[in-house]
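Hello,

Here is the structure we talked about handing over. Please open it alongside this message; my notes follow below.

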Amino acid sequence: MSAIEDVKSRIDIVELIGQTVPLKKAGRNFKGLCPFHQERTPSFIVFPESQHFHCFGCGASGDAFAWVMRTENVDFAEALRILARRAGVVLRPPTPQEQESDRLRRRLLEIHAAAARFFQNQLLYGEGGAGARGYLEQRGLTPETIAAFGLGYAPDRWDALYSHLREKGYGDTELSTAGLVVERERAPAGERPYYDRFRNRLIFPIRDLQGQVIGFGGRALAEEQQPKYLNSPQTPLFDKSAVLYGLDRAAAAIRREGRVILVEGYFDVIVAHQYGFENVVAPMGTALTPAHVHLLKRLTRQIYLALDADAAGAMAMQRGVEVIQEAMDLSLIHI
Ligand code: ZN
């Protein structure tokens, strides 16, 4: 475990924030007057499950580190020192490799946030976005749902995202490490050495538990396009065997209802949430892994599998049950 994770796991954000902001219980969360803007009725919420805060008035949000950085007006390193002292964790100086991998991680998160905004704007305002919007409408998704899940559109061009992110100052190597562009095998002199991985696809941003975008899924919009679903490759941020789509939005409901429902794809998750079933998540084009089960185990011990009723679905169900039984000490499985 890294020092950052160690500190984070020992700090309770409700206790931390509660020292300076009077908090009242509101359902599973806590509510108070936002310290970052003037208000008379509380719109500042602290979420114990995901250990973060969010103000619905001014948009201020983040984890314990962000809280300390903002309230004490310090940088990340100093916030880490303050919280480590509080948590009784002795910090050794980070090795150069750890500093480098921290720096890269932050940079990749920035790139993913910028790419997610780009795709979203393309869906709403881009030339090619109309087709994708029509498709979403036909699948019955409301504008609110589309915005909540941050859905986007990757234009039918070789360098739309690439050019956009280059203009924002990101370099070839980091864009390729982020998995957003692919290196051309033989680029003629004077031509771009990279092309966009996602082209003419509906884009599903994939988020970690804190809601940060760490990867993308893309659904083909043209008949002949292969594969139908394309995900980000393995990157320093994204490991599809350890991420469940929708978990950032589902975690609170899973705790509240005491169970989770696993479905097969992006649309199944989104439609379920739209109709009020918020404890629904999906693995991404992979069978259920022990890492998935460990993620869920912290939230509930009741896992329901709702996979397609075809032969492949039945096989996946059987394998899923085995994985769950192995990863849980006792098995409470419902099909
Ligand atoms: Zn605020």
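**A charged patch**

Asp308 is partly exposed, because its relative accessibility is 37%. Keep in mind that this is a predicted model. Asp308 lies in the loop that runs between strand E14 (303-305) and helix H13 (311-327). Which residues gather with Asp308 in a patch of negative charge? They are Glu264, Asp268 and Asp310, and the patch is on the surface.

**Salt bridges**

The structure holds 14 salt bridges. A general point first: side chains of opposite charge can pair when their charged atoms come close.

Start with Arg92. Its side chain meets that of Glu98 in a salt bridge, at 2.9 Å from N to O. Glu98 counts as partly exposed, because its relative accessible area is 32%.

Next, look at Asp159. Which side chains meet that of Asp159 in a salt bridge? One is Arg157, at 3.2 Å from N to O. Arg157 has a relative accessible area of 45%, so Arg157 is partly exposed. The other is Arg192, at 3.0 Å from N to O. This pair of Arg192 and Asp159 links distant parts of the chain, 33 residues apart. Arg192 sits in the loop between strand E7 (181-183) and strand E8 (194-196). Asp159 sits in the loop between strand E6 (152-154) and helix H8 (160-167). Arg192 is partly exposed too, with a relative accessible area of 37%.

There is also a network. Arg107, Glu110 and Glu174 are joined into one by salt bridges that share partners.

**Helices H10 and H11**

Helix H10 covers residues 247-257. Which of its residues are buried? They are Leu247, Ala250, Ala251, Ala253 and Ile254. As background, an α-helix has 3.6 residues a turn, so residues three or four places apart point the same way. What covers the buried residues of H10? The cover includes strand E12 (260-262), helix H11 (266-274), strand E13 (280-281) and helix H12 (290-297). Gly258 follows H10, and its phi is positive, near 75°.

H11 has buried residues of its own. They are Tyr266, Phe267, Val269, Ile270, Ala272 and His273. Gly276 comes just after H11 and takes a positive phi of about 90°.

**Backbone points to check**

Most residues other than glycine have a negative phi, and most peptide bonds are trans. Three places are worth a look here.

- Gln226 and Pro227 are joined by a cis peptide bond, with omega about -15°. Pro227 is in the loop between strand E10 (213-220) and strand E11 (229-231).
- Gln51 is not a glycine, but its phi is positive, near 55°. Gln51 is in the loop between strand E3 (44-47) and strand E4 (52-55). Its relative accessible area is 22%, so Gln51 is partly exposed.
- Asn200 also has a positive phi without being a glycine, at about 45°. Its loop runs between E8 and strand E9 (201-207). Is Asn200 buried or exposed? Asn200 counts as buried, because its relative accessibility is 14% and the cut-off for buried is under 20%.

**Two strand residues**

Asn29 is in strand E2, which spans residues 29-32. Asn29 is buried, with a relative accessible area of 16%. What does Asn29 touch, leaving out residues up to four places away in sequence? Its contacts are Lys24, Ile45, Val46, Phe47, Pro48 and Glu49.

Tyr195 is in strand E8. Its relative accessible area is 24%, so Tyr195 is partly exposed. With residues up to four places away in sequence not counted, Tyr195 touches Trp158, Leu180, Val181, Val182, Glu183 and Arg184. How far apart are Tyr195 and Asn121? They are 74 residues apart in sequence and 20 Å apart in space, C-alpha to C-alpha.

Best wishes

Key: Residues are numbered from 1 along each chain as its sequence is written. This is a predicted model: local features need pLDDT of at least 70, side-chain atom pairs count only at pLDDT 80 or more; totals for chains, interfaces and linings use all residues. Side-chain values use heavy atoms; hydrogens and water are left out. Patches are made of residues with over 30% relative accessible area and no salt bridge: like charges are joined within 9 Å, nonpolar side chains (Val, Leu, Ile, Met, Phe, Trp, Tyr) within 5 Å. Accessible areas come from the Shrake-Rupley method with a 1.4 Å probe; for residues, only the protein chains shown count as cover. A salt bridge is a side-chain nitrogen of Lys or Arg within 4 Å of a carboxyl oxygen of Asp or Glu. Lys and Arg count as positive and Asp and Glu as negative; His and the chain ends are not counted. The place of a charge is taken as NZ of Lys, CZ of Arg, CG of Asp or CD of Glu. Helices (H or I, at least four residues) and strands (E, at least two) are DSSP runs, numbered from the N terminus. Buried means under 20% relative accessible area, exposed over 50%, partly exposed in between (1.4 Å probe, protein chains only). Contact means heavy atoms within 4.5 Å.
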